[in-house]
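Work through the exercises below with the model in view. Try each task before you read its solution.

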Amino acid sequence: MKSKLFIIIVISILAAQCSNKKKLSNPSSFQSVISLYSNYNHSAKDPVIVQFIEEGTDDIKSSIPSSAFEIKPHIDGKLSWSSKHRISFTPTKSLASNQEYEVSVHLDKLFSNIPDSLKTFSFAFQTKQQQLTIGGIYLSPIHDSTFNISGSIVTNDFVDQQEIKTIVNAKVNNKSQSIKWTKPSTYYNSNTHYFTIEGVKRMNDPQSLKIALNGKVNGTYYKDNKSIHIPALGDFKLINTEIVQEQSQQIKLTFSDYIDPNQPIEGLIYTDKGNIEITVQDNYALIDFKDFISGEVQLNIEQGLVNNQQHKIQQPISKTLRFNPIKPGIRILDRNTIIPYGNNLPFIFESVHLTAVDIKITKITQKNMLYFLQYNTLNESYKMKYVGEPILAKKIELKPQKNTAIWTKQLIDLKPLIQKDPSALYHVEVGFRRSYSTYPCDQLLEENEDPSTIGIQKNEPLTEANFWLKQERNYYYNWEERDNPCHPMYYSADDAPYYDNKMISTNILGSNLGVIAKEEKSGALQIIVNSIKTTTPLANVKVDVFNLQNKLLKTVYTNGNGIAKTPVLKEPFLVVASTGKQRGYLKLRHEESLSLSRFNVDGSSNEQDIKGILYAERGVWRPGDSIFINLIVEDKYNNLPSNYPIGFKFTNPNGQVVEKRTTTKGLNGHYT
């Protein structure tokens with residue numbers, strides 16, 4: 001009887017919880033009002049955002065009502081307008097890990113004339129599941145008796161480094177070691193925290209270094225540890241073997257001491273298969289395979305190998321290593337943004353273990369290019385959502401290949417996919433999904449386990465919402481499976497950063513206009529426009545110069561030499577060259593200018609664009625000889641008429657005039 005009562009109580013509690021759960025809004029119904037909002041895999045440190053199509057009114061921005069935003073479970077925080085179109089809720093402290101939150105935004109309290117059906121927008125988001133692990137640990141010999149040891153702590157979500165410091169310790173034979181931490185990057189891969197343990201002494205006997213992670217972060221307990229062997233003094237050893245399959249197939253060998261660079265390495269380190277090349281640097285030996293390798297490889301290191309102190313490896317080493325199939329991936333060959341305008345628009349990359357890719361293309365039209373370049377260079381994509389129009393999201397079959405297990409060059413001609421506009425910039429993203437993979441896996445693929453690394457949904461029409469955001473919850477999210485090609489997590493857009501071969505992106509501008517700008521001492525600009533195809537100067541090209549606020553400062557046209565000159569302008573920011581529909585863009589920020597530090601750029605400046613060159617008929621005279629002087633005066637920009645007289649004079653060291661002459665313009669624009 002008691003057990004039945006208990007079951008009834010549990011069912012009642014669950015039913016009550018379900019009834020308390022709000023019904024979420026259909027995002028497609030709010031596309032006319034909302035363009036962006038927080039979704040699943042949300043960082044616990046990030047604010048919760050909702051972005052609107054229309055700007056908020058000034059009176060609402062000055063005093064945003066707190067009742068316009070509800071979040072459950074309740075958390076304290078600050079609600080504000082972070083831009084003209086976006087509200088942000090910034091929690092007072094970090095959100096809980098792996099927690100689902102429900103948000104209701106009452107639009108009728110933010111905007112007027114909201115239809116009754118759109119008064120409240122309800123959505124859910126979930127924070128990332130926090131994970132902390134110890135990354136690779138590496139020994140670096142400083143000299144014969146001392147090591148520096150480097151390593152990292154890797155987290156799935158943001159953790160303040162000060163918290164990590166309190167739960168990580170290092171010991172050598174139970175003696176605590178001082179850990180020096182590298183300040184984390186605020187822009188790139190900030191969830192990896194690097195550390196160094198300096199000056200670890202080698203002893204007469206081998207030692208063991210233990211790195212331990214043990215403690216709570218945000219209320220959750222984490223534990224991990226790794227040990228590394230520290231060889232004894234004079235003990236020359238192989239301490240790590242690593243297979244690398246990136247740009248090529250390699251075996252990286254790490255030794256306890258610097259390898260003697262003067263010894264012939266052939267015959268001392270070798271394998272049982274493959275054409276190899278061995279490079280030695282410091283305490284590393286890199287075996288590079290010239291032919292594709294798969295399966296097992298026998299590595300041999302002979303006893304004759306010596307370090308820089310002529311200590312030998314104590315005994316021969318023989319190890320069996322296995323080259324597993326290369327994980328499915330793509331990589332870009334070059335990031336050249338400007339491609340000569342022609343009959344095609346090629347996008348070239350390499351792929352491995354793939355039969356197809358997903359492609360997303362965003363178009364930045366000419367009218368939005370000025371806004372885009374306020375925040376970006378031509379090959380960046382910051383704030384792309386605000387200036388880019390999604391025009392394509394589809395699957396592209398790759399050309400058939402005999403062996404998908406090796407890196408193969410691929411070319412996609414974008415011209416048939418898009419209506420090419422030579423004045424527009426195209427942002428291209430390429431990714432893949434699990435069903436495109438030829439990687440050998442034992443598990444069978446289920447239809448609902450086929451994510452794409454760039455978040456494209458299957459069999460859905462292209463809309464603003466499903467192009468920019470992946471709204472559905474990732475139920476197979478598992479951070480520990482992020483490097484497993486047989487698990488859907490490997491292919492998830494939640495874990496597909498640009499640096500690990502899971503997705504690539506670049507910008508493409510089809511244009512024949514090459515633009516160079518030089519600023520003179522006076523502040524005037526000299527702008528040169530050439531054809532990228534033929535390198536010939538382009539005449540009568542319109543050149544507009546804008547400031548940072550996109551105000552047109554000056555319009556000039558190139559002459560027959562492809563050169564246009566502006567007067568002195570106040571803080572020019574951007575040059576736009578145009579002829580027909582083609583455009584060339586050049587930012588004028590000093591920090592983005594080409595460095596001249598490696599070139600000899602000394603010289604004299606010309607006053608009023610006139611340059612004089614003085615020379616004699618020879619370089620040596622006897623005392624008492626007459627010296628015959630020649631003078632060439634160059635009209636730098638060919639501005640003076642052919643009959644324009646120019647005078648010059650010679651003075652002695654006392655300043656007395658000894659000769660006066662007048663000349664007129666001669667051949668080739670020179671005065672003689």
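**Exercise 1. Place lysine 395 on the scale from buried to exposed, then find its salt-bridge partner.**

Solution. Lysine 395 has 40% relative accessibility, so it counts as partly exposed. The scale runs like this: buried is under 20% relative accessible area, exposed is over 50%, and partly exposed lies in between (1.4 Å probe, protein chains only). Next, the partner. Lysine 395 forms a salt bridge with glutamate 397, and the closest N and O atoms are 3.3 Å apart. A salt bridge here is a side-chain nitrogen of Lys or Arg within 4 Å of a carboxyl oxygen of Asp or Glu. Last, glutamate 397 has 53% relative accessibility, so it counts as exposed.

Two notes on the source. This is a predicted model: local features need pLDDT of at least 70, side-chain atom pairs count only at pLDDT 80 or more, and totals for chains, interfaces and linings use all residues. Residues are numbered from 1 along each chain as its sequence is written, and side-chain values use heavy atoms, leaving out hydrogens and water.

**Exercise 2. Describe the open sheet that contains E33.**

Solution. Start with the order. The sheet has three strands, E32-E33-E36, with antiparallel pairing. Strands (E, at least two residues) are DSSP runs, numbered from the N terminus. Two strands pair if DSSP finds at least two bridges between them. Now the edges: strand E32 (513–519) and strand E36 (563–565) each pair on one side only. Then look at one pairing. E33 (residues 525–531) and E36 are joined over three bridges in the antiparallel sense. Isoleucine 528 has isoleucine 563 in E36 as its bridge partner.

**Exercise 3. Which side chain meets lysine 565 in a salt bridge, and where in the chain do the two lie?**

Solution. The partner is glutamate 520, at 3.6 Å from N to O. Lysine 565 sits in strand E36, while glutamate 520 is in the loop between E32 and E33. They are 45 residues apart, so the pair links distant parts of the chain. Check the exposure of each. Lysine 565 is partly exposed, with a relative accessible area of 36%. Glutamate 520 is partly exposed too, at 23% relative accessibility.

**Exercise 4. Treat aspartate 625 in the same way.**

Solution. Aspartate 625 forms a salt bridge with arginine 618. Their closest N and O atoms are 3.0 Å apart. Aspartate 625 is partly exposed at 26% relative accessibility. Arginine 618 is partly exposed at a relative accessible area of 38%. In total, the structure holds 11 salt bridges.

Key:
Helix = DSSP H or I, 4+ residues; strand = E, 2+ residues; numbered from the N terminus.
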